[in-house]
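Here is a note for a colleague who is meeting this structure for the first time. The points below are meant to be read with the sequence and the model at hand.

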Amino acid sequence: MPTSSASDAPAEAAAKPAAAGGGVQSLERAFDLLERMADAGGEVGLSELSASSGLPLPTIHRLMRTLVVCGYVRQQTNRRYALGPRLIRLGESASRLLGTWARPYLARLVEETGETANMALLDGDEIVYVAQVPSKHSMRMFTEVGRRVLPHSTGVGKALLAHTPADEVRALLSRTGMPAATDKTITTADAFLSALEEVRRTGYAVDDNEQEIGVRCLAVPVPDSPTAAAISISGPAGRVTEAATERIVPVLQQVAVELSEALASSGPST
């Protein structure tokens, strides 16, 4: 006996609408759950995912079970789910590729500003540098690609968190702590939130001797980036002055827009 009939198909189609753009709905849902897990710090319970996604628990359980089998999610002893180790390889490869795409734009920043140019992403609670083009000056800043730092002491961290809800920023700072890298480092959540308000007002972020004495950094987010990204220039405080800031920030903002457009058009249409 057949398990379903032709008359069942319309009902099932009505219950499971086609994914946007003709995609596969279960894939879209699985990736959405992974992103929600990342936004929540990497570990969640099924009920939390159901509340944030609006999907029923049986659907989420089925998707998570598949992701666990594939190694992209693992189940903890407390029954909660965490992002799995197979995502590390994918993330590292994607970060390298993103850095490769960004290098021509960073090179243009170096040509127009004279200072070292960087690109960074927010990875969990940390900032990771994925690309850099060094200044041609003999005295220049150098940050190793792959280096991880905490957001509160960097210009790119401020740029990346500027439009994040205040309660989420406080939760992140609570998880990471706010250790002082220098005597200029912001070490309280209230002061950091005030700094983010200034970023929203001006359109750019400043690290003024906060990560390293003698170094200033100017940063802007890459708008509409597929993953939260920021670009920056860094140099000696004696060169990256207030007067230089007025000249450099418009260049940073223009390059960020152009990089955003390049990233949006980098994938083939189907």
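1. Before anything else, please keep in mind that this is a predicted model. A good place to begin is Glu48, whose relative accessibility is 37%, so that it counts as partly exposed, because that value falls between the limits of 20% for buried and 50% for exposed. Glu48 forms a salt bridge with Arg80, and the closest N and O atoms of the two are 2.5 Å apart. The pair links distant parts of the chain, since Glu48 sits in helix α3 (residues 46-53) while Arg80 belongs to the loop between β2 (73-75) and β3 (81-83), 32 residues apart. Arg80, for its part, has a relative accessibility of 25% and is therefore partly exposed as well. This contact belongs to a network of salt bridges in which Glu43, Glu48 and Arg80 are linked.

2. How many salt bridges does the structure hold? The count is 15, and another one of them joins the side chains of Arg239 and Glu115, with 2.8 Å from N to O. Arg239 lies in the loop between β9 (229-236) and α9 (242-264), and Glu115 in the loop between α5 (86-113) and β4 (116-123), so this salt bridge ties together parts that are 124 residues apart in sequence. With a relative accessible area of 4%, Glu115 is buried, whereas Arg239, at 26%, is partly exposed.

3. A further salt bridge is formed by Asp123 and Arg148, whose closest N and O atoms are 2.6 Å apart. Because Asp123 lies in strand β4 and Arg148 in strand β6 (residues 148-149), the pair ties together parts that are 25 residues apart in sequence. Asp123, at 37% relative accessibility, counts as partly exposed, and so does Arg148, at 43%.

4. The strands that carry this last pair belong to an open sheet of 6 strands, which has the order β6-β5-β4-β9-β8-β7 with antiparallel pairing. The edge strands are β6 and β7 (205-208), each of which pairs on one side only. Within the sheet, β4 and β9 pair in the antiparallel sense over 6 bridges, and Met119 stands opposite Ile231 in β9. Helix α9 lies across β4, β8 and β9, and runs at about 35 degrees to β8.

5. Which residues have the most contacts inside the largest nonpolar core? They are Leu106, Leu109, Met119, Leu218, Ile231 and Leu252, in a core that has 29 residues. The elements that give two or more residues to this core are α5, β4, β5 (126-133), β8 (215-221), β9 and α9, and α9 gives the most, with 9 residues. In soluble globular proteins, nonpolar side chains tend to be buried together. Leu106 can serve as an example of the surroundings: leaving aside residues up to four places away in sequence, Leu106 touches Ala117, Asn118, Met119, Ala131, Gln132, Val133 and Ile231.

6. There is also a second, separate core of 14 residues, which includes Ala30, Met37, Val73 and Tyr81. As a last detail, Ala38 lies in helix α2 (residues 25-39), and the C-alpha atoms of Ala38 and Leu83 are separated by 7.5 Å, although the two residues are 45 residues apart along the chain. Ala38 counts as partly exposed, because its relative accessibility is 41%.

How values were computed:
Residues are numbered from 1 along each chain as its sequence is written. This is a predicted model: local features need pLDDT of at least 70, side-chain atom pairs count only at pLDDT 80 or more; totals for chains, interfaces and linings use all residues. Side-chain values use heavy atoms; hydrogens and water are left out. Helices (H or I, at least four residues) and strands (E, at least two) are DSSP runs, numbered from the N terminus. Buried means under 20% relative accessible area, exposed over 50%, partly exposed in between (1.4 Å probe, protein chains only). A salt bridge is a side-chain nitrogen of Lys or Arg within 4 Å of a carboxyl oxygen of Asp or Glu. A nonpolar core is a set of buried Ala, Val, Leu, Ile, Met, Phe, Trp, Tyr and Cys residues joined through side-chain atoms within 4.5 Å. Contact means heavy atoms within 4.5 Å. Two strands pair if DSSP finds at least two bridges between them. Axes are lines fitted to C-alpha atoms, for helices over the stretch in contact, and angles run from 0 to 180 degrees between N-to-C directions.
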